[in-house]
Amino acid sequence: MSDMRITVWNEYLHELESELVGRNYPEGIHGTLKRQFEEDLGAEVRTATLREPGHGLGGDVLDTTDVLFWWGHKAHGEVDDAVVERVHRAVLAGMGLVVLHSGHMSKIFRRVLGTHGTLKWREADEKERLWNLQPAHPMMDGIPEYITLEQEEMYGERFDIPTPDELLMLSWFQGGEVFRSVCTWRRGHGTVAYIRPGHEAYRTYENPDIRRLLANAARHVRRRVSRDDSTCTNPAALEAVPNPTKEHVG
Ligand code: ZN
């Protein structure tokens with residue numbers, strides 16, 4: 001058992017409402033990812049879903065989470081703003097956040113990045129090829145030069161995100177578009193990653209390379225510190241200064 005504590009948040013609506021998606025992920029996407037992280041990382045994994053009280057993220061869940069994965073699609077608007085605020089603060093305090101696939105329009109993704117998260121999309125059972133741009137990066141450990149997914153939903157540029165701190169994979173789609181598929185950003189003491197594949201109509205998370213990529217991401221973005229820097233401090237000087245009791249003006 002590693003000491004990594006992962007929480008997988010899933011909207012968990014498509015699996016219940018669609019026979020196809022329910023067949024793809026009988027445990028729910030969250031259940032599949034939980035099992036994989038337990039097997040691949042020996043991590044302590046909890047799950048949380050939209051319809052649970054507080055979306056399953058109440059109490060000390062965020063404080064005791066090293067990496068939060070986020071899969072949402074059709075009900076972004078139902079996510080309570082107060083929960084988004086708490087997740088944002090947790091990231092700034094050091095929690096890792098991995099936003100998956102259609103989470104590009106989630107409140108938390110747009111909040112931490114400050115942009116719309118919009119993109120082009122098409123459902124046409126087309127091929128996706130993800131190119132590994134940084135083979136020496138820890139998140140690319142064991143990832144081949146490219147990953148081919150025979151059928152995926154297309155996401156195309158322009159993806160409305162801030163220029164990533166690290167751009168790790170670039171997707172090509174059969175229909176001609178390209179997309180920045182695996183990106184990271186530093187936010188406060190936390191690291192945010194976005195990983196594109198994972199449309200619910202396909203069993204993409206069973207792909208061994210995608211599975212490895214998600215485990216690598218957890219290792220890379222995991223919490224290193226827990227530190228609340230939400231207020232400014234006014235310390236006494238370490239050495240003699242000219243006016244140590246000077247009154248603040250204005
Ligand atoms: Zn999708």
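In what order do the nine strands of the open sheet stand? The order is β2-β1-β3-β4-β9-β8-β7-β5-β6, and the pairing is mixed. The model is a predicted one, in which local features need pLDDT of at least 70 and side-chain atom pairs count only at pLDDT 80 or more, while totals for chains, interfaces and linings use all residues. Residue numbers start from 1 along each chain as its sequence is written. Helices (H or I, at least four residues) and strands (E, at least two) are DSSP runs numbered from the N terminus; two strands pair if DSSP finds at least two bridges between them.

**The sheet**

- β2 and β6 (146-156) are the edge strands, each with a single partner strand, so one side of each has no neighbour in the sheet.
- From one strand to the next, the twist averages 25°.
- Helix α6 packs on the sheet and touches β1, β3, β4 (96-100), β6 and β9 (190-195); its direction makes about 165° with that of β9. Axes are lines fitted to C-alpha atoms, for helices over the stretch in contact, and angles run from 0 to 180 degrees between N-to-C directions.

**Strands β5, β7 and β8**

- Five bridges pair β5 (residues 120-132) with β7 (residues 166-173) in the antiparallel sense.
- Trp172 in β7 stands opposite Arg129.
- β7 and β8 (residues 178-187) run antiparallel and are joined by six bridges. Val182 in β8 is the bridge partner of Met169.
- The hairpin of β7 and β8 has four residues between the strands, and Gly176 there takes a positive phi near 115°.

**Helix α3**

- The 14 residues of α3 (residues 28-41) should span 20 Å at 1.5 Å a residue (the expected span is 1.5 Å times one less than the number of residues). The end C-alpha atoms of α3 are 20 Å apart, which agrees.
- Buried residues of α3 include Ile29, Leu33 and Phe37; buried means that 20 or more other C-beta atoms, placed from the backbone, lie within 10 Å of a residue's own.
- The cover over the buried residues of α3 includes β1 (5-10), α1 (14-17), β2 (44-49), β3 (67-71) and α6 (208-221).
- Gly42 follows α3 and has a positive phi, near 60°.

**Packing of α3 on α6**

- The two helices, α3 and α6, pack at an angle of about 70° with their axes 10 Å apart. α3 is therefore roughly perpendicular to α6 (65 to 115 degrees).
- Leu33, Gln36, Phe37, Asp40 and Leu41 of α3 make the contact with Arg211, Leu214, Ala215 and Ala218 of α6; contact means C-beta atoms, placed from the backbone, within 7 Å.

Terms used:
A residue is buried if 20 or more other C-beta atoms lie within 10 Å of its own, exposed if 12 or fewer, and partly exposed in between; C-beta atoms are placed from the backbone. Two residues are in contact if their C-beta atoms, placed from the backbone, lie within 7 Å. Angles under 35 degrees count as roughly parallel, over 145 as roughly antiparallel, 65 to 115 as roughly perpendicular and the rest as oblique.
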